[in-house]
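I have the file open and want some notes on how the two copies sit together and how each one is built. Here is what I looked up.

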Protein chains: 2
Amino acid sequence: MNSPSTLRLFDLAGADEQRRFSPYCWRTRLALAHKGLPVQTVAWRFTDKQAIAATGQGKVPVLVDGERWIHDSWTIAEYLEDTYSDTPSLFGPGCGRALARFLNQWAAETLQPAIARVVVPDIPAILHDKDQAYFRSSREAAFGQSFEALAAQRAQALDNVRRVLAPLRSTLAAQPYLAGAQPNYADHAVFGAFQWARTASPVALLDPADPIAPWVERMLDAYGGLARGVAPAAAAAGS
Amino acid sequence: MNSPSTLRLFDLAGADEQRRFSPYCWRTRLALAHKGLPVQTVAWRFTDKQAIAATGQGKVPVLVDGERWIHDSWTIAEYLEDTYSDTPSLFGPGCGRALARFLNQWAAETLQPAIARVVVPDIPAILHDKDQAYFRSSREAAFGQSFEALAAQRAQALDNVRRVLAPLRSTLAAQPYLAGAQPNYADHAVFGAFQWARTASPVALLDPADPIAPWVERMLDAYGGLARGVAPAAAAAGS
């Protein structure tokens, strides 16, 4: 039997290749760490479509395991869980996987769109030059607004994020992690959104007294401080 | 050993005492059915505060088990799970209870407030006379708007509900129940909101092609068709 190949992960990066800021890639990074699976990450920019053409689509995370190319963070999580079944479980037993799917979808379809209106205008400041035009034109088309118009509505957007966070807040006021006493993929999926905001924008999403804040700190410390390894985004000069 | 006392549940009712319409009471009704625990329900109206004064608060569901009076739907669910541990589990093993708490909170803090703006103006049509003044004054104060003003914004409120439902929709497009192959308390907590809308308002929350609709039907059929036992709210005469 051959030794297992080294896993490789295409991971979104900014101009500084250490600035890894994709909420979806962070889900996968934390999932790999949870399972204790070593990974070699490859800094990838939005316009590096050719590098992941084998997946037939243009987004990361993309995981390469020997001959297999796997894309979509949820698909990767299920692949890791089912393939590396002798490592710590991402979902726990019974209904854990089914319930985690809802939290995964809530993060992607409710939380991240709300956070996007706060952080996206700050993303050009961290991007590689080759991504600037692509990012602005694709995101302004998606929002139907210029980044300048979005930035002018930031206070209301932040109020909306804090409203959207209500069920996360009351849950984490009652237990240390979404999965209970220890984190699992439900925590990875939701925390990815906070790590995105932290690494891409100097705006503080949470009031320091928010019951969500200590959970964010615990997730930054988890897995040997993996997520804390990227510094928070700096305020722009003069701001 | 004495035989167990019959459980009693104070259950919100309309003018017709068979019209049980509280989303929180439905959570408890379905949880009791899931565990196969017989219950005697007591029709309760909003102004019957004296009947549940033993709990030190004024809301239902209230479960009475022998000498114990238990209120708050989540507290009741945990009580049933821990007390009747030899009956089918409400939460499943491992992280099931912790993850269900998030879905419980999402239903209460995100979904139901959105649905309220659609259905609350219809509730006076089903209420007992003695509840009318209390219900209108307490709810209009909470919304900061008259029922007539709310009703005039119903189309936008319905659009908002359908947006809020995005993570439920994508989850239920991928699996038959929130808990996976079979329903559990995560399904009870979220379905309570749909049963509330169905029993209190003639407005259809879902487009018939919505992937959530077949799950609602399955939940109406579950536990011997318990939830289907209440007829949908009828359209007001002339509407």
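My entries follow, topic by topic.

**Ground rules.** I am working with a predicted model, where local features need pLDDT of at least 70, side-chain atom pairs count only at pLDDT 80 or more, and totals for chains, interfaces and linings use all residues. Residues are numbered from 1 along each chain as its sequence is written, while chains are lettered from A and ligands numbered from 1 in the order in which they are written.

**Symmetry.** I started by laying chain B on chain A, which takes a turn of 180° and a shift of 0.0 Å along the axis, with an RMSD of 0.0 Å. That is how a two-fold axis relates two copies. The C-alpha in chain B nearest to this axis belongs to B:Gly96, at 2.8 Å. Both copies use the same surface, since 100% of the contact residues of chain B recur in chain A. For the fit, copies are superposed by least squares on the C-alpha atoms of residues with pLDDT of at least 70 in both.

**Interface.** I then looked at the contact, to which chain B and chain A bring 26 residues each. Contact here means that the C-beta atoms of two residues, placed from the backbone, lie within 7 Å. On chain B, the elements giving two or more residues are helix H3 (96-119) and helix H7 (166-172). H3(B) gives the most, with eleven residues. Helices (H or I, at least four residues) and strands (E, at least two) are DSSP runs, numbered from the N terminus. I sorted the chain B side by class and got 14 nonpolar, ten polar and two charged residues. In that count, Ala, Val, Leu, Ile, Met, Phe, Trp, Tyr, Cys and Pro are nonpolar, Asp, Glu, Lys and Arg are charged, and the others, Gly among them, are polar.

**Sheet in chain B.** Next I traced an open sheet of four strands in the order E2-E1-E3-E4, with mixed pairing; two strands pair if DSSP finds at least two bridges between them. E2 (39-44) and E4 of chain B are the edge strands with a single partner each, so one side of each has no neighbour in the sheet. E3 (residues 62-65) and E4 (residues 68-71) of chain B run antiparallel and are joined by four bridges. In this pair B:Val62 faces B:His71, and B:Leu63 faces B:Ile70. The two strands make a hairpin with two residues between them, and B:Gly66 in the turn has a positive phi of about 65°.

**Helix H2 of chain A.** Which residues of H2 (residues 73-83) are buried? I found A:Ser73, A:Ile76, A:Ala77 and A:Leu80. They span an arc of only 100° around the axis, so they sit on the same side of H2(A); the arc is that of the directions from the helix axis to the C-beta atoms. A:Thr75 and A:Asp82, on the other side, are exposed. A residue is buried if 20 or more other C-beta atoms (placed from the backbone) lie within 10 Å of its own, exposed if 12 or fewer, and partly exposed in between. The buried residues pack against H1 (23-34), E3 (62-65), E4 (68-71) and H8 (185-200) of chain A.

**Backbone oddities.** I noted a cis peptide bond between A:Val60 and A:Pro61, with omega about 10°. A:Pro61 is in the loop between E2 and E3 of chain A. A:Tyr223 has a positive phi of about 55° although it is not a glycine.
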